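Student: I've got a new model open and would like to talk it through. Can you take my questions one at a time?

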Amino acid sequence: MCVDRTSLHAARERRLVWPLWIGLSLLLVGGLAQATPEIQSWQTAKGARVLFVAAPEIPMLDVKVVFDAGSARDGDRPGLASMTASMLDEGAGDWDADDLADRLENIGASLSAGVDRDMSAVALRTLTQQPALDTAVETLAGVLAQPTFDPDALERVRRNRLIGLRQQQASPRSVGRKALYRAIYGTHPYASDPSGTPESIGALTREDLMSFHRRYYSTSNALIAMVGDLTRTEAEALAERITADLPVGTPPAPLPEVSDLTAGSLEPIAFPASQTTILAGQPGMRRGDPDYFPLYVGNHILGGSGLVSLLMDEIREKRGLSYSTFSFFMPLARSGPFILGLQTRNDQAEEARILMIQTLKRFIDQGPTEDELTAAKKNLTGGFPLRIASNGDIIQYLAVIGFYHLPLDYLDRFNDRIESVTREQIRDAFARRVHPDRLAIVTVGGQTQRVSLASER
Amino acid sequence: MQRRFIPLLFLSLLPFGVPAAPAVYEHQLANGLKILVKPDHRAPILTSQVWYRIGSSYEHGGITGVSHVLEHMMFQGTKRHPSGTFSRIVAEQGGEENAFTGRDYTAYYQNLASDRLEVAFELEADRMRNLTLGKKEFAKELEVVKEERRTRTDDDPQSLVYERFSAVAYDASPYGNPVIGWASDLDQLKVEDLRAWYRLWYAPNNAILVVAGDVETEKVFELAETYFGPLKAESIAPPKTRGEPEQLGEKRLTVKAPAKEPYLLMGYKTPSAADASEPWEPYALEMLASILDGGDSARFSRDLVRGRQIAASVGASYSAFERLPGLFLFDGVPAKGHDLDDLERAIRAEIERIKREPVAESELERIRTQVVAAKVYERDELFHQAMQLGLLETIGLDWKLAETYVDHLAAVTADQIQTVAKKYLNSDRLTVAVLDPQPLDGRSRVTTPMSLGGHGNVR
């Protein structure tokens, strides 16, 4: 059953600052009896860290295995981490791609691999009844430890990736996002897009992928998150099986620090579109940043709370300039970006861009009002149960907490820490951390004349 | 006040040991508002959804997009809750809210902590009958919708193909119009059009209220009576829908837009669950879509992406649950070294194979397993469960189909799949659209008729 989601603000974008959960969700009692989530943590025999939440209500299991192997580890081969991940389910051990697809889908399981700047992650969802569970886990273990990087499959995946990259070149938002990251990060590994470039994808060899896999897919570099209908004993056994064939390896050295921008920039990219996509950004904050909560709550008010944010009010609600406008911090291992954006009809692009930056400046100068802060706190704390209600939510949070070494009791304290943020802390943090005169700005569009070639045929 | 509780037991198909899914309870207010409650106490949250039987398929030429613009205006205030306050109230309660418009429905929802249902009911009841629809707010919101149209359709080549394809595929059916409306209709839309539309369709006897989550059924019914009970019913005239005449031969079109890769979209006229001559036909069509495209082990991935490597991507889709007859869709992007012609031929060959050879029992068994598993996973998604109930009711089907759906699919035979393929997937019922990529630098390129495999023109 599909829905035409011609809806209000799909602009909520990705929830890039992940809220954390308090974990009462797994109790049958409901109401306000907030209990501590039972996040259990241990290490496998080979040293992989495990975070587990037992969720006995539905006979299903989610597993997410995360490696410190994001695109920031690509070196001079952009797309390496991503292509390695793409090849995992193209063949493993004695199984080819057809076998792997059959094994999983014959039991109603699904497996996916993905890469962002910090991590490579492989996710499995399966029923917990047998033989489904054993088959799914055996398949996951094989895919992680014994991918074959079949040469024919690699050429096919490479060709299709190149087509995907060409499609991205026709998307103003993809073009803008890639240009913005380059402008924000310069020579830092976060500058390049995880999907790679046509040149680098074209040049990758099978040996590149195999050696990336050997180097990074190891237990000392792995975090296993699990949520599902298992006992602790069962979960322990399962984590052992998942990691049994992986090497112990060594964790990689920390990524280099990110430098602040020293000057602002504006890069207009001509593009045949009716709208101009405007993106602005600079290095923001890392996971575990001491300013995390003031920046998080402050951004929620500025551009992180959908229809009621300041940007939405100024740009959409008051003036009808854009369907979507937003700001977010995406905390990473190193300073992840702070990004603002919108898209608007070409002839309004300058007005909208100026307004977006002015709104940011005013927020930095004045900070939030007491009412705005109160409303934001109510939204964040009152909505907390929603964000931790499903296994699908919890597995994402477990992966982040584990990967970034956030304390396990962090979640219990989340609402208290939101409540304790003051106007002055927000103003102070934004003044120190956000520099509107040193923003990298990218615009994509402006070429108002639609391509119409009917007469030229 | 009459109450009818209809607890529905979950059906037999689930594997042994899988606990039953929560029951659904039904009740109707005197003013005609239908209420469905699905208690689920796994987490202390709820979703409250109001579904209206109104969408773009109810619209006539000249005012297309009016249902969707009205959806936007539903956030622009009533006398009691002036513009802007609605979203603020929900936000301060920690709620998530949004709305969506489709061809057959317009739906509004709030996701909240489970002790806050009243907030949702108070606001939804108010805007069901008391929307302000101010001129100033309308003028601004119309601009927002035009920007939305640019973002979603005009600047997205594949969306643009879908829009123009639909307009050609349907000769008369309102499914030929885009949900967001044609740009020229948006230009001439007046607030008076919205007022009339609102009066016609926004009433308790044209709505379904669905609540799922950590709630007590009795309490939900009581609250609904308190807030929605006083609302007056309207006399709702069922729309005179223009029917789709039988298609008299294959149709083709080309869409030129700035892009880097071509794209193929094909659609065969098919019945929906609401109008099928044989009740099993829509389920056989859904099974057919899964045989071709139900995962990496299905025929398209196995044969066209991996095996013969004709497609970089290729898909098949069909939705049984629509108010009017729709389309069985295929789409795809050719792999390097192949063109749209190769891809279309390969898709048509797969269709012919279905007609020629019965699908294997192992393929059917795999899909049955996937469908049953999906039903289990779905219990992790409260919002989606509620959505299914509302969707079915708005298209005139019984919500109980949400629970029997799996059984209907599982009962489909290889023979039935062959029968629907032969009956519906034939070229007289087909429309084919191709995207002809135009250069991104805005300059014309030299195009040859052969670059599209000979399909470069509307026939």
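**Domains, chains and a sheet**

Tutor: Sure. In this predicted model, 28 residues of domain 1 of chain A are in contact with 29 residues of domain 2 of chain A.

Student: Which element gives the most to the side of domain 1 of chain A that touches domain 2 of chain A?

Tutor: Start with the elements that give two or more residues to that side: strand 1, strand 2, strand 3, helix 5 and strand 8 of chain A. By class, this side of domain 1 has 18 nonpolar, 3 polar and 7 charged residues. With 9 residues, the top contributor is helix 5 of chain A.

Student: How far apart are the centres of domain 1 and domain 2 of chain A?

Tutor: Domain 1 of chain A takes in 37-243, and domain 2 takes in 265-446. Taken over C-alpha atoms, their centres are separated by 28 Å.

Student: What about chain B? Which helix of chain A gives the most to the side that touches it?

Tutor: That contact takes 74 residues from chain A and 81 residues from chain B. On the chain A side, the classes come out as 30 nonpolar, 28 polar and 16 charged. Several elements supply at least two residues each, including helix 2, strand 7 and helix 12 of chain A. Giving the most, with 7 residues, is helix 4 of chain A.

Student: Back inside chain A: how many charged residues are in the contact of helix 3 with helix 8?

Tutor: Helix 3 (residues 132-145) and helix 8 (residues 232-243) of chain A pack at about 35 degrees, with axes 8 Å apart. Helix 3 brings Val137(A), Leu140(A), Ala141(A) and Leu144(A), while helix 8 brings Leu238(A), Arg241(A) and Ile242(A). Sorted by class, that is 6 nonpolar, no polar, and charged: 1.

Student: Now the open sheet. Why do strand 9 and strand 11 of chain A each have one side without a neighbour?

Tutor: The 5 strands of this mixed sheet in chain A run in the order 9-13-10-12-11. Neighbouring strands are turned by 15 degrees against each other on average, direction ignored. Strand 9 (265-271) and strand 11 (325-329) stand at the edges, so one side of each is left free, as each has a single partner strand.

Student: And which residue of strand 13 of chain A is the bridge partner of Gly281(A)?

Tutor: Look at strand 10 (residues 275-285) and strand 13 (residues 440-446) of chain A, which pair in the antiparallel sense over 5 bridges. In strand 13, the partner of Gly281(A) is Ala440(A).

Key
Residues are numbered from 1 along each chain as its sequence is written. Chains are lettered from A and ligands numbered from 1 in the order in which they are written. This is a predicted model: local features need pLDDT of at least 70, side-chain atom pairs count only at pLDDT 80 or more; totals for chains, interfaces and linings use all residues. Axes are lines fitted to C-alpha atoms, for helices over the stretch in contact, and angles run from 0 to 180 degrees between N-to-C directions. Helices (H or I, at least four residues) and strands (E, at least two) are DSSP runs, numbered from the N terminus. Two residues are in contact if their C-beta atoms, placed from the backbone, lie within 7 Å. Ala, Val, Leu, Ile, Met, Phe, Trp, Tyr, Cys and Pro count as nonpolar, Asp, Glu, Lys and Arg as charged, and the others, Gly among them, as polar. Domain bounds come from an automatic or database domain assignment. Two strands pair if DSSP finds at least two bridges between them.
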